[in-house]
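Me: Let's go through the charged side-chain pairs in this one. Keep the replies short.

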Amino acid sequence: MAENSNSRQLHSFLLNRRSFLGLAGTGLGGIALTSLLAEQGLLADEAKSPLRPEIKPDAPLAPRKPHFAAKAKRVLTIFCSGAVSHVDTFDYKPELLKYDGKPLPGSEKLVTFQGEQGNVVKPMWPFKPRGESGKMVSDLLPKLAKLADEMCFIHSMTAKSNTHGPAENQMSTGFTLDGFPSVGAWVTYALGSECKDLPAFVAIPDPRGVPQVGPNNWGSAFLPAVFQGTAFTADKPIPNLKPPGEISSKADADSRDFLKLLNEEHLKSRQGDTELAARIAGYELAAKMQLKAAEVADLSREPKAIHEAYGTGDSNKVKAGFARNCLLARRLLERDVRFVQLFNGSYAMGEGVGNWDGHKTIKSQYDVHAPILDQPCAALLTDLKQTGLLKDTLVVWVTEFGRMPTFQKGASGRDHNPKGFTVWLAGAGVKRAFSYGSTDEFGYQATESIASIYDLHATILHILGLDHERLSFYHNGIERRLTDVHGHVIRDVLV
């Protein structure tokens, strides 16, 4: 009886006009809210649920399939440390010639990173049309300028920090703070490696030293350590790989085989011990690298014409060292190393001495740095194209932020400018001879199709067949991703 009574009361409530209208109004509000949340991508969506790759403990670097068809198999990033001036290299602004020596309109007494700004200063090197596209590039980097038709420029890049360390962190990890995995670590976590006897991710520091945040640029942070970059250069290969002279090659090989047997037997009685399996896999990779790492760094195998093209024997020792690093990068890529990070410029030498931080005397400083970058980098891009590697390799040239269209007050250099600068891409998945976005008429801040580093990272992952919104790692209660909760693929640059 009680149940029937309750049922009659419910039916009466639902048939009541006032109750019906109230419930109907609430329902319509719920539908509207759901629609708004869906438009903003805030609804839980199974299609956007996290995707964490399945890692085999005994083969953590085994190749893994991307989320969808990829345009590129591997990535080369060229990171110019110190913040290259976009208005003196790739971002042509005729108004700088018109306003040379005059205040920047609307920005009188502007204070930036190091202090008050002086007047607008025209580019230190003339711009000229290049290639079939007629892209305007300055004479600072004449050999790279000739390759403008291969490049896809993003002229509207922005960064979150105007300080080198945090800005380096953001360009390499997506975050200004320490403690986050690098792009290369995310890529190798997602895809593993096609190469079985070399690291999946290699960082090549400048001959003069490492950038300001050093290993943060290639670290794995909270990702498993196996995905961090291995740092070495052409002149300083991976240390301690060569066996002592008193141990013969046969004895060394026999010892490795015996150790492998012992490890396998030990693992059989400890099935499911993932840490042990990972350690064994690490030792086996180290053993393989004894044979292959020395070989890949042996540049004597390259023909004389290649050495001349790169400039490995140049009288400028720093340039020659960087040229050898560029040649090493190509040798790593052709052996299917998944991610290669090549640095130009270092920090420890001081402001602008060994990097592109042109505060004081930008003309004389860049006249030193440009030849070190230009010929070797141009030769590398040309070599990748001639060998066919550019068809499935994405090349990404970056710097941590740009520089001001003005000189600093009382100096002959340009201050930091994260509000608008240029990066470029080339190779697999991107348009050739294409420019995306723009800064204002003075190159001060991005105004058209404004892009962020999150967008750049999302685009890199997309070209590799990875969904930046789904690639994640669960850490401290948070589904972490390279692009945090931001970023959109820059689809206009894609082919």
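Me: Is Glu150 buried or exposed?
Reply: This is a predicted model. The relative accessible area of Glu150 is 10%. Buried means under 20%, so Glu150 is buried.

Me: Which side chain does Glu150 meet in a salt bridge?
Reply: The N to O distance in this pair is 3.2 Å. Glu150 lies in the loop between helix 4 and strand 5, and its partner in the loop between strand 13 and strand 14, so the pair ties together parts that are 282 residues apart in sequence. The partner counts as exposed, at 51% relative accessibility. The side chain is that of Arg432.

Me: How far apart are the closest N and O atoms of Asp336 and Arg74?
Reply: Asp336 lies in the loop between helix 10 and strand 8, and Arg74 in strand 1, so the salt bridge ties together parts that are 262 residues apart in sequence. Asp336 counts as partly exposed at 22% relative accessibility. Arg74 counts as buried at 3%. The closest N and O atoms are 2.7 Å apart.

Me: Which residue forms a salt bridge with Asp139?
Reply: The closest N and O atoms of the pair are 3.3 Å apart. Asp139 lies in the loop between strand 4 and helix 4, and its partner in strand 3, so the pair ties together parts that are eleven residues apart in sequence. Asp139 is partly exposed at 25%, and the partner is partly exposed at 41%. That partner is Lys128.

Me: How many salt bridges does the structure hold?
Reply: Some are linked in a network that includes Glu295, Arg330 and Asp383. The structure's total is 27.

How values were computed: Residues numbered from 1 in each chain as written. Predicted model: local features only at pLDDT ≥ 70, side-chain atom pairs only at ≥ 80, totals over all residues. Heavy atoms only, no water. Salt bridge = Lys/Arg side-chain N within 4 Å of Asp/Glu carboxyl O. Helix = DSSP H or I, 4+ residues; strand = E, 2+ residues; numbered from the N terminus. Buried < 20%, exposed > 50% of the residue type's maximum accessible area, 1.4 Å probe, protein only.
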